[in-house]
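Here is a short report for a reader meeting this structure for the opening time. Please look over the sequence and the model before reading on.

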Amino acid sequence: MAEEEFIQTPKGMHDLTPEDCAYFYRIENACRRLAKDYRFDRIDFPILENALLFKKGTGANTDIVEKQMYTLRTKSGEVLALRPEGTPSVVRFYLEHGARTWPQPVKLWYWGPFFRYEKAQAGRYRQFHQFGFEIIGGGDAALDAQVINLFYRLLAELKIKNLVVEINSIGRPGERETYQKVLVKQLKKSESELCVDCRRRLARNPLRILDCKEPACQEIVGQLPHVVDYLSDECRQHFQEVLELLGELNIPYRLNPHLVRGLDYYTRTVFEIVQSDDEEKKALVGGGRYDGLVELLGAPPAPAVGAAAGIERIVSAMKSSGHRVVYREKPEVFIAQLGPAAKKEAIKIFEELRQRGVKVAEAFGRNSLNAQLKRADRLGVKYTVIIGQKEALDGTITLKTMSTGQQRFVKRSQAVSLIKKRL
Ligand code: AMP
């Protein structure tokens, strides 16, 4: 079959190569360590959820739900969605498992694939991976600071350079409505200069115009008043506290009055952690406070704050920061064999060495000794164990020290201990 006839991954979907998986492990290990330190418990939830969870939670008018959600109808007529984000599922979990009766706040984290029917481009996939940390049942500004702190430390631990927290407060729904009215009034004056998307947003979701990337829109946005000037004293005080705590923690932040985030449920603090180098700014983490979400999902209100990180983006930031993850450990010993009796011994000695913690490599599928020794050389092992017919019959092995080329016979019964001692 010609190569172009192979069935390929669907558009915007991608495989994780062994190298990608090594980066994923490294990141997941960092998440686990930090989850333990900051006392978050891991949960998992279904990849398919009731589509209503996102319509109600994320918001029916958001791009994620309106344009990007994969939905399907099952044979029995249920309407399900491939989860486009994690926060509504965490809140559903909190309600479904009676976590309101647990000591508050409840701190949970998750990890897995998410799906959005996006315009596929570099760094933007239709299936991508996120992890998220969420605190439900607490409204204190210290919790906002703690979430930002956790993500910032995690990225720093992964040796990602040039990190900045971009932060804003969008207040509560009432304040935002007043601000939105001011925005719409002012934007109407230059409606014809806005891009097509923003003209549509003007009627449906005017706040999103603030983070439009089109230069013409950005110029107009530059003249608009800032949402923080419309905050109540209480929200302003809350925001001030978050900023002071970030200062105490020495976390570099930049106020971004145009940061609104794409989801309906945010209240008060919204933030992104970006890697900004000279050429571009890449968002690695996005999150904020969502005091209204529990209530939106039908339960008495409970304040909450959290964020999610894009794992593919973190991998690419690690690479661009020079943090290489080796995906195959270098072996210390190679086992070469010649002949059927030797192969039996070789497979046993492999297992004994492995169980003693030695990193062993082999090429049991190859029968040419020359080819096996070449492989050993290429792998850069310290020792090669050679077992031929003679050794198999004598109950010995040949131990070759690769740096000097020196070879010696060793009794089979002593071989494993000797190798272990010498390494
Ligand atoms: P969001 O859930 O939209 O707040 O996104 C949180 C983070 O997930 C972003 O900062 C990105 O790092 C990552 N992310 C979101 N959408 C995608 C996507 N389509 N492909 C890859 N990463 C994404």
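The text below covers the domains, the two sheets, the ligand site and two backbone details.

This is a predicted model, in which local features need pLDDT of at least 70, side-chain atom pairs count only at pLDDT 80 or more, and totals for chains, interfaces and linings use all residues. Residues are numbered from 1 along each chain as its sequence is written, and side-chain values use heavy atoms, with hydrogens and water left out.

**Domains**

The domain assignment divides the chain into domain 1 (9–171 + 231–320) and domain 2 (333–422). Such bounds come from an automatic or database domain assignment. The centres of domain 1 and domain 2, taken over C-alpha atoms, are 50 Å apart.

**The sheet of 8 strands**

Helices (H or I, at least four residues) and strands (E, at least two) are DSSP runs, numbered from the N terminus. Two strands pair if DSSP finds at least two bridges between them. One open sheet has 8 strands, in the order β1-β5-β6-β11-β10-β9-β7-β8. Its pairing is mixed. At the edges are β1 (41–42) and β8 (253–255), each paired on one side only. β1 and β5 run parallel, joined by 2 bridges. Opposite Arg42 stands Trp109 in β5.

Helices pack on this sheet too. Contact here means heavy atoms within 4.5 Å. Axes are lines fitted to C-alpha atoms, for helices over the stretch in contact, and angles run from 0 to 180 degrees between N-to-C directions. Helix α1 (residues 18–38) touches β1, β5 and β6, and its direction makes about 165° with that of β5. Helix α9 (residues 233–248) lies across β7, β8, β9 (267–276) and β10. The angle of α9 to β7 is about 165°.

**The sheet of 3 strands**

Another open sheet has 3 strands in the order β2-β4-β3, with antiparallel pairing. β2 (48–50) and β3 (71–73) are its edge strands, each pairing on one side only. From one strand to the next, the twist averages 40°. β2 pairs with β4 (residues 79–82) over 3 bridges, in the antiparallel sense. Glu49 has Ala81 of β4 as its bridge partner. Helix α2 (residues 51–59) lies across β2, β3 and β4, at about 65° to β2.

**The ligand site**

Which residues are closest to the ligand? They are Arg116, Glu118, Tyr125, Gln130 and Arg261, among 14 that surround the ligand. A residue counts as near if one of its heavy atoms lies within 4 Å. Strands β6 (127–136), β10 (281–289) and β11 (304–310) each supply at least two residues of the shell. β10 gives the most, with 3 residues.

The table lists polar contacts, which are pairs of N or O atoms within 3.5 Å; within protein, one must be able to donate a hydrogen and the other to accept it, and residues adjacent in sequence count only if both atoms are side-chain atoms.

| Residue and part | Ligand atom | Distance |
|---|---|---|
| Tyr125, backbone N or O | nitrogen | 2.8 Å |
| Gln130, side-chain N or O | oxygen | 2.9 Å |
| Leu284, backbone N or O | oxygen | 3.2 Å |

On its own, the ligand has 480 Å² of accessible area, and the protein covers 92% of that. Accessible areas come from the Shrake-Rupley method with a 1.4 Å probe; for residues, only the protein chains shown count as cover.

**Two backbone details**

The peptide bond from Gln104 to Pro105 is cis, with omega near -5°. Pro105 sits in the loop between α4 (87–96) and β5 (106–115). Asn162 has phi near 55°, a positive value in a residue other than glycine. Its place is the loop between α5 (141–157) and β7 (163–169).
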